[in-house]
Amino acid sequence: SASNARAGDDSKVDIGGGANLMLSSDVTIDGVEQNMPDGYPKVELQGSKTMVTFRFPKFTDSAMYDPLITSSTATDLGAEVGV
């Protein structure tokens, strides 16, 4: 189930097939770990779609975000999500 994420909180989004996308507010900006602004990432349900909005702090060279995909089944997720 989707829920609004706040800075420092993890949010779990069901992406189907027994897989979940674990969102965090942690982001690496120009090599320095930071948090996204309060309220992000934002997870919203719009009809039958789940919308995820990210807001990254300003950066000079790079912004890196690394969500985690977890499985509640023994299925090989690599084939399902194209990893």
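Trainee: Why does Met-36 count as buried or exposed, whichever of the two applies?

Mentor: Start with the value. In this predicted model, Met-36 has 2% relative accessibility. Buried means under 20%, so Met-36 counts as buried.

Trainee: Where is Met-36 found along the chain?

Mentor: Look at the loop between strand E4 (32–35) and strand E5 (42–46); Met-36 is found there. Met-36 also pairs up nicely with Ser-24 as an example of sequence against space: the two are twelve residues apart in sequence, and their C-alpha atoms are 8.8 Å apart.

Trainee: What makes Lys-58 count as buried or exposed?

Mentor: Use the other end of the scale. Lys-58 has a relative accessibility of 83%, and exposed means over 50%, so Lys-58 counts as exposed. Lys-58 is found in a loop too, the one between strand E6 (49–53) and strand E7 (63–64). From Lys-58 to Asp-30 there are 28 residues along the chain, and 9.4 Å separate their C-alpha atoms.

Trainee: Now the rings, please. How many aromatic pairs does the structure hold?

Mentor: The structure holds three aromatic pairs. Let's go through two examples.

Trainee: Why is the pair of Phe-54 and Phe-56 called stacked?

Mentor: There are two checks. The ring centres of Phe-54 and Phe-56 are 6.2 Å apart, and rings pair if their centres lie within 6.5 Å. Next comes the angle: the planes of the two rings are at 15°, and planes under 30 degrees apart count as stacked. Both checks are passed, so the pair is stacked.

Trainee: What makes Phe-56 and Tyr-65 an edge-to-face pair?

Mentor: Try the angle again. The ring centres of Phe-56 and Tyr-65 are 6.2 Å apart, and their planes are at 70°. Planes over 60 degrees apart count as edge-to-face, so that is the name for this pair. Ring pairs link Phe-54, Phe-56 and Tyr-65 into a cluster.

Trainee: How do you know whether each ring of that cluster is buried, partly exposed or exposed?

Mentor: Go back to the cut-offs. Phe-54 has a relative accessible area of 33%, and Phe-56 has 34%. Partly exposed lies between 20% and 50%, so Phe-54 is partly exposed, and so is Phe-56. Tyr-65, at 18%, counts as buried, because the limit for buried is under 20%.

Trainee: Which residues lie closest to the centre of the largest pocket?

Mentor: You will meet Tyr-65 again. About 170 Å³ of space lies in the largest pocket. Its lining has 13 residues, and the closest to the centre are Ser-24, Asp-26, Tyr-65, Asp-66 and Pro-67. Strand E2 (19–23) and strand E3 (26–29) are the elements that give two or more residues to the lining. E3 gives the largest share, three residues. By class, seven lining residues are nonpolar, two are polar and four are charged.

Trainee: And the chain as a whole: what elements does it have, and how many of its residues are buried?

Mentor: The protein chain has one helix and eight strands, in the order β-β-β-β-β-β-β-β-α from the N terminus on. Of its 83 residues, 23% count as buried.

How values were computed: Residues are numbered from 1 along each chain as its sequence is written. This is a predicted model: local features need pLDDT of at least 70, side-chain atom pairs count only at pLDDT 80 or more; totals for chains, interfaces and linings use all residues. Side-chain values use heavy atoms; hydrogens and water are left out. On a 1 Å grid over the protein atoms alone, a cavity is a set of points where a 1.4 Å probe fits but cannot get out, and a pocket is an open set with protein on both sides within 12 Å along at least five of seven lines; lining residues have an atom within 4 Å of a point. Grid points are joined across faces, edges and corners, and a volume is the space filled by probe spheres set on the points. Helices (H or I, at least four residues) and strands (E, at least two) are DSSP runs, numbered from the N terminus. Ala, Val, Leu, Ile, Met, Phe, Trp, Tyr, Cys and Pro count as nonpolar, Asp, Glu, Lys and Arg as charged, and the others, Gly among them, as polar. Rings of Phe, Tyr and Trp (its six-membered ring) pair if their centres lie within 6.5 Å; planes under 30 degrees apart count as stacked, over 60 as edge-to-face and the rest as tilted. Buried means under 20% relative accessible area, exposed over 50%, partly exposed in between (1.4 Å probe, protein chains only).
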